[in-house]
Amino acid sequence: MSEKTRAEQLAIFGGDPAFTEADALHVGRPNVGDRPRLLARIADAVEQRRLTNDGPYVRELEGRLAAALDVPHCVAVASGTVGLQVAARSLGLQGEVIVPSLTFVATAHAVEWMGLRPVFCDVDPETLGVDPRRVPELLTARTSAVVGVHLWGRPCRVEDLEQLAAERGLKLLFDAAHAFACAHRGTGIARFGDASVFSFHATKIVNAFEGGAIATRDGALAARARLVRNFGFAGYDDVACLGINGKMSEASAAMALTSLESLDEFLAANQRNYAAYREALAGLPGVSLLAPAAGDAWNHHYVVLDVDPPLAGIGRDDLLAVLWAERIFARRYFHPGGHRMEPYASRDPEAGRRLPVTERVLGRVLLLPTGTAVGPREVETVASIVRTAVTHARSVLARVAVPT
Ligand code: T4K
């Protein structure tokens, strides 16, 4: 693994791939904290034969999460998706729910799965979150809520959405799956709206193998969410409402606690990689990294590269082909957009016309590997390949095939 500065070094031109199969780079390689502590916690849970159902590690985690997120209530759940569903049920959502079109499909699926109708709204070009100026035209008498997504950890327009929700009598839920440890103008990201749902999937900055949490300032909402996540049980044989099994296991809580203890290290690695990519790619025409807005704190868990084909000379998918040939598995999250996926695409095949910003962004961005599995040398290598591909754009274009 070393820098590639000449076109013939690129794997698409017959050079050796920069990485072997064993050390290939991925977007989403899990961060793992202190292994002995993780294993000790899991051994303890097994020893105590306390494996799930609101156990001591889940309770400890909820306390630590609430402190880290600066909210009074945190309810741990089995996944971010289940967290969105439990939150939707606990908020009493009905009818239609506005969701951004530029997000992972789970945002819409969680809504649809609850028997609600997700209505896709375009995003604003700056935050890439749901555009509050476009929401009013989508509201009907059946709309009960807006779901804002802090895409790739960038806070969406939280104040505008809060104002809109208050004026129109809507609930405001945030899908904060990507946004742990992010803040907007000095305020923790979980302190906006009715509730925020985080994901602790293995690929997230804090991971629980699988898991998530609902964070809220509303005690009554948190209490309802606790019922809903546990089949509606309010007491030993007292079922108070419709619920589901949305509980987090003790093994997952052990992983999340251990992960949380190494958060500073994870953030530092992300920050270091982001700064290194930025420096190495500076001045390259048509290629830029998404940056946090001034005053916002970003976890840099996703390094998002924007490729402007007329300026770069090649498109995003050409660059992906170059990188994949090197075993650098960059990703085009969340192409082609939820509105182009089922069951939504068949329902409204023309939706893309109403979502021009989403369509444009989804055709241009790719995510580069980062996290603790990626060090300065790997960043140098990736950046050198991007540089060389753009510098030799014409010959690259003649060679590449789009990865599937
Ligand atoms: N809202 C938003 C905005 C979300 O992005 C998500 C989830 C949710 C809601 C729902 O939260 P959860 O219900 O998932 O908690 C991932 C995750 O499955 C998903 O959690 C995540 N967002 C989404 C953005 O991506 P993939 O498709 O990237 O996973 P996969 O299996 O392709 O893995 C990516 C790379 O990471 C692989 O190339 C190899 C590496 N990897 C992955 C795993 C799981 C490892 O090295 N080890 C591993 O254990 O989905």
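## A ligand and its surroundings

The ligand is surrounded by 23 residues, and the closest are R29, T81, D175, H178 and Y333. The model is a predicted one. Start with the ligand, then move outward through the chain.

Where does the ligand sit? The ligand occupies the largest pocket. Its shell is mixed in character. Seven of the shell residues are nonpolar, 12 are polar and four are charged. Two helices can be picked out here. Helix α3, residues 80–90, supplies at least two residues of the shell, and so does helix α4, residues 106–113.

Now look at individual contacts. H178, one of the closest residues, has an N or O atom in its side chain 2.6 Å from an oxygen atom of the ligand. G28 takes part through its backbone: a polar backbone atom of G28 is 3.1 Å from an oxygen atom of the ligand. K204 faces a nitrogen atom of the ligand instead, with a polar side-chain atom at 2.9 Å. How much of the ligand does the protein cover? On its own, the ligand has 930 Å² of accessible area, and the protein covers 75% of that.

Leave the ligand and turn to helix α7, which spans residues 250–261 and contains S252. Is S252 buried or exposed? S252 has a relative accessible area of 9%, so it counts as buried, the cut-off being under 20%. The side chain of S252 has a polar partner: it reaches the backbone oxygen of A208 at 2.8 Å.

Next comes the backbone itself. Most residues other than glycine have a negative phi, and most peptide bonds are trans. Some places in this model depart from that pattern.

Take phi. R49 is not a glycine, yet its phi is positive, near 55°. R49 lies in the loop between α1 (35–48) and α2 (56–69). R49 counts as exposed because its relative accessibility is 75%, and the cut-off for exposed is over 50%. F231 also has a positive phi without being a glycine, at about 60°. Its loop runs between α6 (219–229) and β11 (233–235). F231 is partly exposed, because its relative accessible area is 37%.

Now take the peptide bonds. Which bond leading into P336 is cis? It is the bond from H335 to P336, with omega near 0°. P336 is in the loop between β15 (328–329) and α11 (344–347). P343 is also found in the loop between β15 and α11. The peptide bond from E342 to P343 is cis too, with omega near 10°.

Notes
Residues are numbered from 1 along each chain as its sequence is written. This is a predicted model: local features need pLDDT of at least 70, side-chain atom pairs count only at pLDDT 80 or more; totals for chains, interfaces and linings use all residues. Side-chain values use heavy atoms; hydrogens and water are left out. A residue is near a molecule or strand if one of its heavy atoms lies within 4 Å of it. A polar contact is a pair of N or O atoms within 3.5 Å; within protein, one must be able to donate a hydrogen and the other to accept it, and residues adjacent in sequence count only if both atoms are side-chain atoms. Accessible areas come from the Shrake-Rupley method with a 1.4 Å probe; for residues, only the protein chains shown count as cover. On a 1 Å grid over the protein atoms alone, a cavity is a set of points where a 1.4 Å probe fits but cannot get out, and a pocket is an open set with protein on both sides within 12 Å along at least five of seven lines; lining residues have an atom within 4 Å of a point. A molecule sits in a cavity or pocket if more than half of its atoms lie within 2 Å of its grid points. Helices (H or I, at least four residues) and strands (E, at least two) are DSSP runs, numbered from the N terminus. Ala, Val, Leu, Ile, Met, Phe, Trp, Tyr, Cys and Pro count as nonpolar, Asp, Glu, Lys and Arg as charged, and the others, Gly among them, as polar. Buried means under 20% relative accessible area, exposed over 50%, partly exposed in between (1.4 Å probe, protein chains only).
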